[in-house]
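Please open the model in a viewer and keep the sequence panel visible. The tour below proceeds by selection, one stop after another.

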Amino acid sequence: MTKAERLEKQKLRLEEMLRCERELWAQGMDYIAGVDEVGRGPLAGPVVTAAVILPKDFSLLGVDDSKKLSEKRRDELFDRIKEAAICYAIGRREPDRIDEINILEATKEAMADAINSLSVKPDFVLIDALTLKTVGIPQRGIIKGDATSVSIAAASILAKVTRDREMLEMAKLYPGYSFESNKGYGTAAHYEGLKKLGPCPIHRNSFL
């Protein structure tokens, strides 16, 4: 594929991913927040959420579901999304809270925190797969929203890079679990570390 063809493909993909937002903008909803989470599955570390409101002239190419992107590309987009956004916010819940109320409820709390921390109140919220009764703002849960809506995809990148960077720091604090490579997910190396060392303070006991 030539560079021009790749560029054209990215432009078409952005148009496709702006469809939800454009429909809502046309209905007079000026500020649309995309919301996503990262870290529901790991055995260790927080669940991290992000909420982001993008401008109507958003034109950053390559924004997509964070799981589809390389680490290098996510890092590049992370900074550029923050620069382009009207506003963004991060939410989180720690392992002890996850153990206390379960991962789904902890994720919902962290998502609500991110939305409520935005410096501009959204007119409408697009959320990956979930809806939030505690947030009194019109909203829509979209299955595979991070591959459908550019706002949710942008939130997925912000959440993923934030959490991954934190888990790299945790790898220095708690060596032996390979957090630097598995980010807390249950890989063979992680289970090996658990067998040798037992759980550390950032493990989710209810997941073990």
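Two strands are said to pair if DSSP finds at least two bridges between them. Helices (H or I, at least four residues) and strands (E, at least two) are themselves DSSP runs, numbered from the N terminus. This is a predicted model, in which local features need pLDDT of at least 70 and side-chain atom pairs count only at pLDDT 80 or more, while totals for chains, interfaces and linings use all residues. Residues are numbered from 1 along each chain as its sequence is written, and side-chain values use heavy atoms, with hydrogens and water left out.

**First stop: strand S4**

Select residues 124–128, which form strand S4. Strand S5 (residues 139–142) pairs with S4 in the parallel sense over four bridges; within S5, Gln 139 is the bridge partner of Val 125. Now add strand S1 (residues 32–38), which also pairs with S4 in the parallel sense, over four bridges. Here Val 35 stands opposite Ile 127 of S4.

Why is S4 largely enclosed by the rest of the structure? Five of its five residues are buried, where buried means under 20% relative accessible area, exposed over 50%, and partly exposed in between (1.4 Å probe, protein chains only). Show the side chains: Phe 124, Leu 126 and Asp 128 point one way from S4, whereas Val 125 and Ile 127 point the other way.

**Second stop: Asp 164**

Move next to helix H6 (residues 150–173), where Asp 164 is located. Asp 164 counts as buried because its relative accessible area is 8%. Leaving aside neighbours within four places in sequence, Asp 164 is in contact (heavy atoms within 4.5 Å) with Arg 74 and Lys 183.

**Third stop: helix H8**

Select helix H8 (residues 188–197) and colour His 190, Gly 193 and Leu 194, which are buried. These residues lie on the same side of H8, because they cover an arc of only 100 degrees around the axis, taken from the directions from the helix axis to the C-beta atoms. The buried residues of H8 pack against helix H7 (179–182). On the face turned away from the buried side, the exposed residues Ala 188, Lys 195 and Lys 196 can be found. Just after H8, Gly 198 takes a positive phi of about 75 degrees.

**Last stop: two cysteines**

How many disulfides (pairs of cysteine sulfur atoms within 2.5 Å) does the structure hold? The structure holds zero. Select Cys 20 and Cys 87: the sulfur of Cys 87 is 19 Å from the closest cysteine sulfur, in Cys 20, which is too far for a bond. Cys 20 counts as buried at 13% relative accessibility, and Cys 87 counts as buried at 6%.

Notes. Disulfide = S-S within 2.5 Å.
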